[in-house]
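These are my notebook entries on one protein chain. I wrote them in the order in which I looked things up.

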Amino acid sequence: MAPTGNNTEVRIWNHLKGWILNDYGVAGFMGNLYAESDLNPRNLQNSYEKSLGYTDDTYTAAVDSGAYSGFVRDAAGYGLAQWTYWSRKEALLAYVKAAGASVGDLEAQLGFLRKELAESYPSILAALKSAKSVREASDVILTKYERPADQSENVKIKRAGYGQTYLNKYAGGSSAGKEGETMRQKFVNTAASYIGCKEADGTHRQIIDIYNGHKPLARSYAVKYTDAWCATFVSAMAIKCNLTDIIPTECGCGQMIQLFQKLGTWQENDAHVPQPGDVIFYDWDDSGVGDNTGWPEHVGIVESVNGSDIKVIEGNMSDAVGRRTLKVNGRYIRGYGVPAYKGGSSSSAGIGSPAPALSAGGSLAFKVGDTVQFTGSTHYTSANATSGPSCKAGKAKVTAISKNGKHPYHLIAISGSGSTVYGWVDASTVQAIAGGGAISVGDTVQFAGGPHYTSANAASSSSSPKAGPAKVTAISKGAKHPYHVVHTNGQSSVYGWVDADRVTK
């Protein structure tokens, strides 16, 4: 079955759907393939590029031509699924040769995926066909098919989150795609059913028991009946509703925010207008000025929004489950977790998706994470503020979007650019960087100097090479350091993953 569609992502979805026949199974599988290879059938495991002296394309060409004979035994992950073990790479190579195709051909690799699952992993294929959630399908692929060294709960959450993105994007019109609003309300209703549980009579213990009964426990910690339990309450409601693939379980507020950030569903803007089912975090040390970025001490579940009033259900509110009402952009709001409910409307305008500067057609031109040129002189504390302080123009990064806001982009100045912007700005003051444009694998770019990293999400750099021309050899969308670049002359020694603001065309 030849994959059909106008881009690689669509072609993979359509091909997998043709034989898995279950949106959850397809999405869970695709989330893992994205984590392994960024859906690039020519992807050579990044850690082997330097040792083997190849890029994705030169490795593929050398294997195809026979110039490189070590493909089967070199232990380097390759292709959509990052096949690594010698017998699986041998089978892949035999399959593509028989098909008269390149080892990096998308259609050939998808055909091999189907053959491998049907013949060598029939139980996994059956599990994909019958999966009742993205998380269920994703965990099967992670633990029984891909089997990386790290199979922790954080990795499971992250990969299921990738899969959920594909489900939301491509399962529209299916039963899975229509569940979003129902699941939002179920989450809210379940939380409301526990109102009145309190420490005084011990009825809060059932909430703690739900949390502790879900394995693995976050950070391997079993919550005590005497511990603070606001985050435990939110997690327990997610467990009850089978939503742990989109609402991460934690007993600490700060750690839960970090997990939402890893899923790409964290809304930093505390002026955001939430929807029922969003998760709201508080910082009691908030001064009420600007966007609060402090450590959170409390969390709850948004029950309803009426105008500027937000009603929230909270655990451990005066030692009980109760309700609180506060104002949009009120003091103490730290930010929001905005779960990607299946097929439902996202309450985060622009998290991980294109949004506001206007394009020629009137639509919003930039997305969260883009590096842009800020040309204005005013920034605002909220997306609809009537006045704001002055600031300097320069390069900045888009950190949040308010699609219908008067000032739709939240920008933070890039260090060294001369700008002092830190707030919401008008669309007319946001422009593409001169000489910039979309960057693709194979492009020659100018590396501005600074740190490079051994992986796209590494916490610390390996060194800080000088500026110079470089070639883009891989892209990891949504990663902290999204571009893998290799220097093209002796001016720079960059060879690794770098931040988006470090490269320009």
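Before the first entry I note that accessible areas come from the Shrake-Rupley method with a 1.4 Å probe.

**Entry 1: surface and overall form.** I am working with a predicted model, and I began with its outside. The accessible surface of the protein chain comes to about 21200 Å², and carbon and sulfur atoms account for 50% of that surface. Of the 505 residues, 53% are buried. I then listed the secondary structure and found 13 helices and 18 strands. The radius of gyration is 24 Å, close to the 23 Å that the globule rule gives for 505 residues, so the chain is as compact as a globular protein of that length. Along its principal axes the C-alpha trace spans about 70 × 55 × 40 Å.

**Entry 2: confidence.** I looked up how far the predictor trusts the model, and the mean pLDDT of the protein chain is 84, with 90% of the residues at 70 or more. Residues 173-180 have a pLDDT below 50, although in the model this stretch has 16 contacts beyond near neighbours in sequence. Residues 344-363 also have a pLDDT below 50, and for this stretch I noted 59 contacts beyond near neighbours in sequence.

**Entry 3: the cores.** Which residues touch the most other members of the largest nonpolar core? I found that this core has 49 residues, and that L16, F29, F71, L113, L117 and Y145 are the ones that touch the most other members. Several helices supply at least two residues each, among them helix 1 (8-20), helix 5 (86-98), helix 6 (106-120) and helix 9 (153-170). Helix 2 gives the most to this core, with 7 residues. I followed F71 further and, leaving aside its neighbours within four places in sequence, I found it in contact with Y59, V63, Y78, K89, L92, L93 and V103. There is also a second, separate core of 39 residues, which includes M183, I208, A238 and I239.

**Entry 4: two helices and what covers them.** Is helix 8 mostly covered or mostly uncovered? I found that helix 8 is mostly covered, since 10 of its 13 residues are buried. These buried residues include V134, R135, D139 and E146 as well as I141, L142 and Y145. The cover over the buried residues of helix 8 includes helix 2, helix 5, helix 6, helix 7 and helix 9. After helix 8 comes R147, whose phi is positive, near 50°. I then turned to helix 11 (residues 205-212), where the buried residues are I207, I208, I210, Y211 and N212. Helix 12 (230-240) is included in what covers them.

**Entry 5: cysteines.** A disulfide is a covalent bond between the sulfur atoms of two cysteines. How many disulfides does the structure hold? I found 0, and I looked at two cysteines to follow this up. The sulfur of C197 is 15 Å from the closest cysteine sulfur, in C241, which is too far for a bond. C197 is buried, with a relative accessible area of 10%. For C230, the nearest cysteine sulfur is that of C253, 3.6 Å away, and C230 is in no disulfide. The cut-off I needed here is that the two sulfur atoms of a disulfide lie within 2.5 Å. C230 also counts as buried, at 6% relative accessibility.

Definitions and conventions: Residues numbered from 1 in each chain as written. Predicted model: local features only at pLDDT ≥ 70, side-chain atom pairs only at ≥ 80, totals over all residues. Heavy atoms only, no water. pLDDT = per-residue confidence, 0-100. Contact = heavy atoms within 4.5 Å. Core = buried A, V, L, I, M, F, W, Y, C linked by side-chain atoms within 4.5 Å. Buried < 20%, exposed > 50% of the residue type's maximum accessible area, 1.4 Å probe, protein only. Helix = DSSP H or I, 4+ residues; strand = E, 2+ residues; numbered from the N terminus. Rg over C-alpha atoms; globule rule 2.2 N^0.38 Å.
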